[in-house]
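Hi,

Here is the structure I promised to pass on. Have a look at it first, and my notes follow underneath.

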Amino acid sequence: DWSSDVCSSDLLVRIALMKQNKLMHSNLIVRLLFVALVIIAILIIGLRIIGRREVEEIKPWITYGRLMFFAEGCDKFKKQHGVWPNSIAQVIASQPELNDPWFKDAWGRDFMMVPYNESIGYGQIVSYGRDGKLGGIGVDRDLDVRFPTKANADWNKQAGMGLKPPRQLQS
């Protein structure tokens with residue numbers, strides 16, 4: 001009987017140790033899963049922040065392309081009417097395809113126009129950048145292209161590449 005009591009108490013100790021091991025093992029799994037979820041959450045948040053920054057850095061290029069399209073629209077207006085347009089509205093009225101929400105800067109604001117000036121030989125289509133204010137650097141810098149586009153191709157190319165800051169508008 002004594003041996004059976006030892007065997008059963010040994011068995012009970014083993015069962016208790018197995019349960020404790022199992023419990024420790026399941027706690028370890030829960031902890032590892034929690035750590036993995038925290039790491040995944042941090043990665044997702046980090047990638048979203050990086051992604052937003054990359055999108056913001058691309059917006060000036062998107063805006064530049066749209067500005068060039070409008071400047072070419074000014075060239076077309078001159079061909080059609082024999083004079084340079086005085087406003088964005090004139091360009092849009094003569095070319096209804098430009099009357100589209102897509103033809104705004106990448107931040108959703110309308111372009112502005114500095115009409116053609118005979119004494120300097122060009123006009124400009126302008127976006128004030130991300131901040132919507134005159135001046136700024138980086139994505140906040142003002143963007144402009146000149147028309148006629150052929151005569152100002154070098155300026156437009158350099159402005160688009162960021163090699164030359166756009167001329168600031170006078171208020």
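Let's start with two rings: Trp84 is buried, and Phe147 is buried too (buried means under 20% relative accessible area, exposed over 50%, partly exposed in between, with a 1.4 Å probe and protein chains only).

Before going on, some housekeeping. This is a predicted model, where local features need pLDDT of at least 70 and side-chain atom pairs count only at pLDDT 80 or more, while totals for chains, interfaces and linings use all residues. Residues are numbered from 1 along each chain as its sequence is written, and side-chain values use heavy atoms, with hydrogens and water left out.

Back to the rings. Rings of Phe, Tyr and Trp (its six-membered ring) pair if their centres lie within 6.5 Å; planes under 30 degrees apart are stacked, over 60 edge-to-face, and the rest tilted. That rule gives three aromatic pairs. In one of them, Phe70 and Phe111 sit edge-to-face, 5.4 Å centre to centre with 70° between the planes. Phe70 is in helix α1 and Phe111 in the loop between α2 and β1 (112–117), so this pair ties together parts that are 41 residues apart in sequence. (Helices, H or I of at least four residues, and strands, E of at least two, are DSSP runs numbered from the N terminus.) Both Phe70 and Phe111 are buried.

The ring centres of Trp84 and Phe147 are 5.3 Å apart with the planes at 45°, so that pair is tilted. It also links distant parts of the chain, with Trp84 in the loop between α1 and α2 and Phe147 in strand β3, 63 residues apart. Ring pairs join Trp84, Tyr116 and Phe147 into a cluster.

What about the core? The largest nonpolar core (buried Ala, Val, Leu, Ile, Met, Phe, Trp, Tyr and Cys residues joined through side-chain atoms within 4.5 Å) has 17 residues, and Phe70, Cys74, Met113, Ile125, Val145 and Phe147 have the most contacts inside it. At least two residues each come from α1 (2–81), α2 (88–94) and β3 (143–147), with α1 giving the largest share, six residues. Leaving out residues up to four places away in sequence, Cys74 touches Trp84, Pro85, Val91, Met113, Ile125 and Phe147 (contact means heavy atoms within 4.5 Å).

One last spot: Thr149, in the loop between β3 and α3 (153–161). Thr149 counts as buried at 13% relative accessibility. Apart from neighbours within four places in sequence, its contacts are Met68, Ala71, Glu72, Asp75 and Asn156.

Cheers
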